[in-house]
Amino acid sequence: MKLILFLLIGINLLFADFSKSGDIVTDNTTGLFWQDNSDAKELTKTWQEAIDYCEALKLGGYSDWRLPNKNELLSIVDYSLYIPSINSTFENITSGYYWSSTTNADSTSYAWDVDFGYGGAGNYGKTGSTYVRCVRGGQFEPFDNSLKTLSLESENFQDNSLAKESFTKSWKFSEDISAYSVEVVSNTYSNSLTSSDFTFSQDTLLVPLTPDTSVAENMLVVKLLDENGNTIMIDNSKTFWSKTLTNTPPTLDENQQYQIAGYEEGTLILPLLVYDADGDSVSISVKSSDGESASINSNNELVLVSTDNTKIIHKVVVTLSDGKSTTDKEINVLRFDETNIASFYSDANGMTKNFNYIAYATLKGAIWGSEDPSDSTKRVFRPSHNASMAETLKMVIISASIAKQIEMPNYESVLQVYPEWAGKYYTYAKENSAIDFSSDDLSSTYITREELARLIVKTLKLDERLAGFSLLSITFSDADSFSNSTLLEYAKIARVFGLFMTSDTANPQGEITRGELSKVISKIFMMPYAKLNIPSSVEYGESLTIGELLNKKASKVDTALGSYGEIDSSGEVIVEYAVNGVVLSDNTIEASKLNIGENKVIALLDNNGVRDFLFKNFTVTFSDTDGDGVQDSQDVWSDDARYSKDDNQNGIPDILDFIYDLEDKTASDTIDNGDSSVTVEQVIADGGYTAPATSSEYEQNTTSLTIPLKAGWNLVSGSITNVAEISTKASIIWKYTNSQWRAFSNKADIKTVIDNAQLPNIASIYNGEGFWVLADDDFDLSISDNSSTNGTSHGAGWHLLGTNNDISLSEFGCSNSEFVSAWKYKNNSWLLNTTIQNSLGFESFDTVEANEGFWLKCK
C-alpha cells in the first residue's frame with residue numbers, strides 16, 4: 001500500500017534553468033545531469049533493480065549514473081504544470097511514480113518515490129515496480145540526520161492557489177509545535193511579517209497574509225526553530241513556505257493547440273483564440289515562426305507570409321502577456337484554402353454527403369476535425385459518426401461567436417464537466433438555458449434533434465427575436481413525438497429562421513451526425529446581416545420612407561465545390577418589411593395609419609432560405625405645444641390653449657364666438673370690422689380683433705390659492721396650467737379622465753416606466769378634476785382656481801373629480817345611472833360615502849371641501 005505525502009521543493013529551485021543536449025537534460029542551477037531517453041518513459045523496475053540499472057547505465061559518454069535521492073527528484077518538479085508536473089525541458093515523460101534512492105527511515109522495507117503526475121512524494125514497498133530516471137553529478141541537498149524532522153500533514157491555499165484578497169495561511173504538522181518559534185527567511189506579500197505575527201495552535205501554525213496584486217506571484221519562506229534556535233527539518237527541507245498567485249497566466253483556447261488557417265496570395269491568416277481567466281487585456285507577439293515572416297494584426301490574427309506554397313504545416317510560437325504573466329505557446333498552423341479544401345480531410349471529399357457544408361465550416365474556422373494518425377498533413381472528420389454533446393456545444397457556440405451573433409465571456413470559473421475542455425461551452429449553454437440536462441460525461445452523451453433545436457434557439461436568442469409572433473402556421477407531421485411543447489416551439493423557431501428542422505418531419509428523438517451538424521453551423525454563418533435605416537421619429541400625418549439597409553452582407557454555400565464567399569450586398573438577399581405586424585407593399589409608411597407613440601418596423605431578410613429578423617422602434621409624434629389636443633400643424637394658435645375648443649363646430653374657436661358673438665357665423669362668413677368688412681377666417685388667422693392676451697381676461701372669478709401638501713400621497717383638486725412646475729417637488733402626478741389614467745414625472749426612472757406603459761402625459765389640470773400628487777416632502781401647492789366646476793352629472797363607472805367650494809355630495813349626480821359610492825383620501829386615510837351598508841369600517845363623509853379630490857362611482 002502506498003502512503004502519500006505531499007512534499008515541496010526549496011525556494012532555491014523555483015527559478016531553475018534547464019537545457020537539453022541529446023538524451024541528457026542539464027539543470028544549470030544544481031549542476032545535475034538527468035537521463036531523458038525512451039527508457040526514462042518506459043522502464044519499470046523494483047527499487048534494487050533501479051539502483052543496479054542506473055549504476056550500469058552508459059549514456060552520453062558517461063558511466064557514473066546513479067539513482068537520484070528524493071530531494072533531487074523533487075528539484076525537477078514544476079508545480080505550475082499538471083499531468084505531467086515536470087519541467088517542460090524533459091521530453092520522455094510518464095505521469096507516474098519514479099524511484100528515489102532514499103529509504104524510509106521508519107520502515108526500511110519502503111523507499112521514497114515522486115509522482116510526476118502532480119508533484120507529490122510517497123513511500124512504496126521496495127519489491128514493487130515503478131519508473132526509473134537516473135542522474136549524475138553531485139548529491140543535491142543530502143539529508144541532515146542531525147536535525148529533528150517533522151512532516152507537513154496538510155495546509156490551506158496550497159502552492160499556486162489563486163488569492164487576491166487577504167487570507168490566513170495555515171500549516172498542520174505531525175506533532176505539537178507550540179513550544180517552537182518561527183524565523184522569516186523571505187517575504188514578497190504586501191504585509192511585512194515578523195515572528196510575532198505567527199500564531200501557534202498545538203500542531204498548527206497560522207499567519208495572516210495580504211497578497212501584493214501588482215505582481216503575479218507572492219512567496220513567503222519560513223523556518224521552524226526549536227527551543228535552542230536550531231532549524232527543524234520539514235520533510236527533510238530546512239524551509240517551508242506559502243506560494244500563491246494573484247494572476248492566472250493568459251493562454252490560447254484549447255482549440256488553438258492544433259489549428260488551421262485560410263490562405264490568400266501567399267499569406268496565412270489565423271484568428272487567435274486568447275483566453276485569460278482574470279479577464280485581463282492580453283497582448284500577443286510572435287516569438288518564432290519557423291524562419292517565415294509572421295506578425296499579429298489589430299484583430300488578434302496571426303499573419304504568416306509563406307514563401308513555400310507547398311508547405312502544409314507551419315510551426316509558430318507566440319508570446320501572450322497580460323502585464324503580469326507571460327506565456328509562450330506553440331501552434332502548428334495547417335495551410336488550407338478553397339483550392340485544397342477538397343483534399344484536406346482524408347475521410348471526406350466531394351462525394352461525401354454534406355461535404356460542401358463541412359468544407360465551408362472548415363474555411364470559417366468553426367470545425368477542424370482531428371489529426372490523421374497515418375498522415376500528419378491531413379485531418380479526419382468522421383462525418384457519419386453521431387455528434388457528442390461536448391463537440392456539439394463547442395461547434396455551435398464557436399460558430400455563433402465567429403459569426404458575431406454572440407459574445408463568448410471570459411469565464412473566471414466554469415462548471416465542472418467531462419471532458420474538461422467543454423466546461424466553458426457547457427457553462428455558457430447552462431447560463432443561457434440552451435440545454436436542460438446534466439451529465440458527467442459529455443463525450444459519451446449524444447445530442448438529439450430536439451435538443452439541438454433548443455441549443456440553436458437559446459444560444460442565438462432566436463426566441464427573443466420572435467417574441468410576440470405566432471408560430472401556429474408551422475406544423476410537423478410527428479409533433480406528438482416531441483418530449484414537450486417547449487421543445488416543439490424551439491423546433492418551430494429554428495425552422496422559421498431556416499437553420500434546422502426545415503422539413504415537415506422533425507424526427508425529434510433522432511441523433512444527429514457530424515456531417516448534419518456542419519450543415520447547421522454553416523447556416524449560422526449564412527444568416528444575413530444588416531442594420532435598418534429609418535428615422536427615429538415621424539410626425540403624425542406625414543410619411544416615413546425606409547432607406548436602403550445599411551452594411552448588408554451574407555455568406556453563401558454554392559453547390560459547386562470550392563465556391564464559397566460573400567454575397568454581393570446589392571442582391572440575393574430578399575427583404576420584406578412590416579410595421580406593427582402589417583406587411584408593407586413598399587418602403588413607405590403612412591404615419592396617419594399608426595399609433596401615436598412607439599411603433600415597430602420589422603425587416604425579414606431571406607438568404608436562400610436562411611433568415612433573420614431586424615427590429616427597430618420609431619416614434620409617431622403628435623406635436624401639440626399648448627396641450628389643447630389639436631396638432632400644431634392644424635392649430636392656428638399652436639402656443640395658446642384658449643383657442644382650442646369649437647364645441648358648436650362652426651369653424652370658429654369658442655372663445656372668439658364668446659367675445660365677438662360669432663356663434664351663428666362660420667369661418668367663411670363676412671363680418672363688419674367698423675371701418676371695413678373682413679372674413680371670419682381672417683379674424684381667426686389674426687387671433688381676433690383684439691384677442692385677449694391672457695386667460696385672466698375671460699376667466700371669471702379667478703383666484704390664486706395655496707394648498708398645503710404633506711410628504712406622501714395627496715388627493716387634491718384645482719387648476720394647474722403647467723404641471724412641470726410642481727414636478728420638481730413631487731415624484732409623480734396622476735389624474736383619471738375619460739376612463740383613462742394620465743401621468744407626469746420629471747424623474748428619469750419613473751418617466752421611463754410611464755413611457756414604457758404608453759400612458760398619456762399630463763399637460764394641464766382643469767377645474768373640476770381631482771388628481772394625485774406623490775410629494776417628496778411637505779410643500780405648498782399654488783393653483784389658479786375659479787368658481788366653475790366640471791359638471792355635476794356623470795355616467796357609469798369611476799370618476800376622479802374635484803370642486804372649488806365646499807359642496808354636498810348630494811349635488812353630484814349620476815346621469816341615467818345609480819350612485820354607488822364616493823371615496824376621498826384625507827390625513828393618510830380613506831373616507832367612504834355609499835348607498836349600501838358600510839361594513840368595511842371606514843369613516844363616512846357627506847361633504848367635499850374646497851380643493852379636495854374625490855372618487856365617484858356610478859352604476
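**Exercise 1. Find the handedness of the disulfide between cysteine 54 and cysteine 134 from the torsion about its S-S bond.**

Solution. The torsion about the S-S bond of cysteine 54 and cysteine 134 is about -85°, so the disulfide is left-handed. The structure is a predicted model, in which local features need pLDDT of at least 70 and side-chain atom pairs count only at pLDDT 80 or more, while totals for chains, interfaces and linings use all residues. Residues are numbered from 1 along each chain as its sequence is written, and side-chain values use heavy atoms, with hydrogens and water left out.

**Exercise 2. State how far apart the sulfur atoms of cysteine 54 and cysteine 134 are, and where the two residues lie.**

Solution. Step 1: a disulfide is a pair of cysteine sulfur atoms within 2.5 Å. The sulfur atoms of cysteine 54 and cysteine 134 are 2.1 Å apart. A search of the whole structure finds one disulfide.

Step 2: cysteine 54 belongs to helix 2 (residues 47–56), and cysteine 134 to the loop between strand 9 (130–131) and strand 10 (135–136). The two are 80 residues apart, so the pair links distant parts of the chain. Helices (H or I, at least four residues) and strands (E, at least two) are DSSP runs, numbered from the N terminus.

**Exercise 3. Decide whether cysteine 54 is buried or exposed.**

Solution. Buried means under 20% relative accessible area, exposed over 50%, and partly exposed in between (1.4 Å probe, protein chains only). Cysteine 54 has a relative accessible area of 0%, so this residue is buried. Cysteine 134 is also buried, at 0%.

**Exercise 4. Describe the largest nonpolar core and name the helix that gives the most to it.**

Solution. Step 1: a nonpolar core is a set of buried Ala, Val, Leu, Ile, Met, Phe, Trp, Tyr and Cys residues joined through side-chain atoms within 4.5 Å. The largest one has 72 residues, and among those touching the most other members are Leu393, Leu452 and Ile521.

Step 2: elements that give two or more residues include helix 5 (389–402), helix 7 (449–460) and helix 10 (514–526). Helix 5 gives the most, with eight residues.

Step 3: with contact meaning heavy atoms within 4.5 Å, leucine 452 touches residues including Thr392, Phe500 and Val520, not counting residues up to four places away in sequence.

**Exercise 5. Find how many residues of helix 10 are buried and what covers them.**

Solution. Of the 13 residues in helix 10, 11 are buried, and the helix is mostly covered. Among the buried ones are Arg514, Leu517 and Phe525. Their cover includes helix 4, helix 5, helix 7 and strand 41.
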